[in-house]
Each structure stands twice: as structure tokens, then as C-alpha cells.
Amino acid sequence: MITLVSQDIHHFPSTFPTNPLQLMTVENQSSVSEFLLLGIPIQPEQQGVFFALFLGMYLTTVLGNLLILLLIRLDSRLHNPMYFFLSHLALTDITFSSVTVPKMLVIMQTKRKSIPYAGCLSQTYFFILLADLDSFLITTMAYDRYVAICHPLHYTTIMSQSVCVTLVLGSWVIACACALLHTLLLARLSFCADNTIPYFFCDLAALLKLSCSDTSLNQLVIFTAGLTAIMLPFVCILVSYGHIGATILQVPSAKGICKALSTCGSHLSVVTLYYGAIIGVYFLPSSNSTNDSNIISSLMYTVVTPMLNPFIYSLRNKDMKGALRKLLSKRTYSSN
């Protein structure tokens, strides 16, 4: 068991307490070995319904994104940069949901709300890593759409296999670095007395509120890393779609607009869902939002968005629908 001690030895009184009860009080006030996740504020009689709902959503997320990976792997028509990025996004979404949802389901079913200190830090690390990776992958997909529409003649040259691999590897490296920096700075903090987190996962901002150490450096890193990992990619996406819109308007035609919408519509839907929820939780003033609304927004980008991504890309993408029909027809033929 890992224990944080929030006071150095020279901060203790000159006479160390010998009474066992007094000693226990000092230890409880100076160290935290686990945290309590309150989970989602649901009435007891509704626990079963919501457990079934979130379990169904989680299974849909895993199976839907696995289906995307399978279709991209089996259909040679989907072996291009756009679907290369989509396959990594699908894998990230599976892992992203798996970081938070299983623990949430355990809390709802067993009422065991405790999570070890080391487990909480691990969850925070992987949550930040995968959230940042989602952001970078969505941005690379926007860049891919920009090149495809604004520079179609040079698309294969610009979006070569080496460039695609470099973009994905770069996304992983930056996301890992940001997550590691946040986690190391969090590990140096001390936590006293209150160890209750009013969320269903170990949220970085909630943990900083519980710390009895100086968190000014952590807050500064959150601000700078947030600009790097969230807002800067979001601005790049806006710039990419600004160029796409300008290119379409230069040659206005119903066919061109329909083609652009079919190409970019799915991605724009994902961008709206993902960044809308994150901005609502982390960038809007806290005075304008309650804890319950923050939990709902967190559920949007940790549970709902990863679940909707397979539907968005399969229902609004003719290539994915064609690959799915091809797969189903093969299974029907083989069964006959």
C-alpha cells in the first residue's frame, strides 16, 4: 500500500503522541492511502436501471469500435490514410472507455467506492494520455480531410505512409509526455483528511482540490498543457475546416458540397461531441456549472462519444457501409 505523508518530521510537535487514539488521529490527518469515488448521483432504486444502461453502452463501445477495426483490416478499399487514423481512433476509444467505465460499474453494483492511491494515479495517467491522444488523432483526421479537398492532386504525396505513421507516433509521444508530466507533479503532492472525489473517476482537477500542498505549479502545467493538447488542436481543426469551406465556395456546386459533406460530416460530428463536452467541463467558469452538470459532461466524452463514433462513421460513410455489407454477404454465403 502506498502512503503519502504530508508533513516532514520537523513539522511534528516536539512531544510525539503516545496515546494510540491520538496517534491514529495524527496519521489519519497526515496521510491518504486510498480515495473514495462517489460515482454518479443516482437514487438507490434506479441503480439497476442505470447499471444496465451503462453496461450496454460500454459493450456497444467495445464491440462497435472492434467492428470498425475489423472492417478496416479486412477491406482493402479502406487501406488509406483516413481509415488508418480512424482505426487508431477506434482503438483509443475502446481503451479510453475501459479506463473509467468498468470501475464506475463496479461502484454501482458493489458499492465499493474505494480506489488505492496508486490505482487512482494510474487511472489519472491513462485518462490524460488517452484524452490527449483522442484530441491529436481527431486533429490529424482534420488535416487529412484538408489535404484531400484542398490539395487533391498532391494527396498521395503529402499523406504518404511515412507521414501518417509519423503523425500517429508523434501523437503518442506528446500525449505520453503530457500525461507523465501531470502524473509526476500529482505524485509529489500531499493529501490530508478528506479523500472523497465527487466523480466516477480520478479526475485531475478534483484531486488537486483535495491536496493540502501548494498546487500552483500543477495549475500552471494544466493551463499550458491544456492549450497544447486541447485548444491548439481545436484551433488547427477550425483552421483546416476554414480552408475546406473556402475551397468549396470557390467552385460552388451541389455535387461538390455534397461530396464535402459526405467526406467531412462524420468527422465534424465527432469534433462537436468531443470538444463540446471537454470545453464544457474544463474551460467554462466553474461558477456557471454545478458538479452534477460536470459529471454529465464527463459522461458525454468518456462514455457517450466513444459509443457514438462507430455509428457516426458507419452510418454516414458509404465506404464503411459498403465494407459492412461485403462482410455480411460473405458470412451469409459461407453459412449457406
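Reader: How is empty space inside a protein found, and what volume does the second largest cavity have here?

Author: The general idea is that a probe the size of a water molecule is rolled over the atoms, and this shows where empty space is left. In this structure, which is a predicted model, the second largest cavity has a volume of about 30 Å³.

Reader: Which residues line the second largest cavity, and which element gives the most to its lining?

Author: The lining of the second largest cavity is made up of Met82, Met141, Asp144, Arg145 and His267, and H4 gives the most to it, with three residues. Sorted by class, this lining holds two nonpolar residues, one polar residue and two charged residues.

Reader: How many cavities of 30 Å³ or more are counted, and how much space lies in the largest cavity?

Author: The count comes to two cavities of 30 Å³ or more, and the largest cavity holds about 40 Å³ of space. The elements that give two or more residues to the lining of this largest cavity are helix H3 (81–110), helix H4 (117–150), helix H9 (254–282) and helix H10 (291–315).

Reader: Which of the elements gives the most to the lining of the largest cavity, and which residues should I look for in the structure?

Author: H10 gives the most to the lining of the largest cavity, with four residues. To trace the whole lining, look for Leu89, Asp93, Phe96, Asp134, Ile138, Val270, Tyr274, Tyr301, Thr305, Pro306 and Asn309, which divide by class into seven nonpolar, two polar and two charged residues.

Reader: Let me take Pro306 from that lining: where does Pro306 lie, and is Pro306 buried or exposed?

Author: Pro306 lies in helix H10. Its relative accessible area is 1%, and because a residue under 20% counts as buried, Pro306 is classed as buried.

Reader: Which residues does Pro306 touch, if those up to four places away in sequence are not counted?

Author: Setting those neighbours aside, Pro306 touches Thr61, Asn65, Asp93, Phe96, Ser97, Met300 and Tyr301. Among these, Asp93, Phe96 and Tyr301 also stand in the lining of the largest cavity. Sequence separation and distance in space can also be read side by side, for Pro306 and Tyr58 are 248 residues apart in sequence and 8.9 Å apart in space, C-alpha to C-alpha.

Reader: How is a pair of aromatic rings described, and how many aromatic pairs does a search of the whole structure find?

Author: In general, a pair of aromatic rings is described by the distance of the centres and the angle of the planes. A search of the whole structure finds 14 aromatic pairs. In the pair of Phe200 and Phe201, the ring centres are 5.0 Å apart and the planes stand at 65 degrees, so the pair is edge-to-face, the cut-off for that class being over 60 degrees.

Reader: Are Phe200 and Phe201 buried or exposed, and which residues do ring pairs link into a cluster?

Author: Phe200 is buried, with a relative accessible area of 0%, and Phe201, at 0% relative accessibility, counts as buried too. Ring pairs link Phe96, Phe127, Tyr199, Phe200, Phe201 and Tyr301 into a cluster, and two members of this cluster, Phe96 and Tyr301, are familiar from the lining of the largest cavity.

Reader: Helix H2 has not come up yet, so let me ask about Gln47 and Leu70: is each of them buried or partly exposed?

Author: Gln47 lies in helix H2 and, at 15% relative accessibility, counts as buried. The place of Leu70 is also in helix H2 (residues 47–74), but Leu70 is partly exposed, with a relative accessible area of 35%.

Reader: Which residues is Gln47 in contact with, leaving aside its neighbours within four places in sequence?

Author: With those neighbours left aside, Gln47 is in contact with Ile42, Met108 and Lys111. Gln47 and Gln109 are 62 residues apart in sequence, while their C-alpha atoms are 7.7 Å apart in space. For Leu70 and Leu327 the separation in sequence is 257 residues, and the distance in space is 9.6 Å, C-alpha to C-alpha.

Reader: Finally, how many helices and strands does the protein chain have, and what part of its residues counts as buried?

Author: The protein chain has 11 helices and five strands, and of its 336 residues 46% count as buried. Among contacts between residues at least 6 apart in sequence, 80% join residues at least 24 apart.

Key. Residues numbered from 1 in each chain as written. Predicted model: local features only at pLDDT ≥ 70, side-chain atom pairs only at ≥ 80, totals over all residues. Heavy atoms only, no water. 1 Å grid on protein atoms, 1.4 Å probe; cavity = no way out; pocket = protein on both sides within 12 Å on 5 of 7 lines; lining within 4 Å. Points joined across faces, edges and corners; volume = space filled by probe spheres on them. Nonpolar A, V, L, I, M, F, W, Y, C, P; charged D, E, K, R; others polar. Phe/Tyr/Trp six-rings, centres within 6.5 Å; stacked < 30°, edge-to-face > 60°. Buried < 20%, exposed > 50% of the residue type's maximum accessible area, 1.4 Å probe, protein only. Contact = heavy atoms within 4.5 Å.
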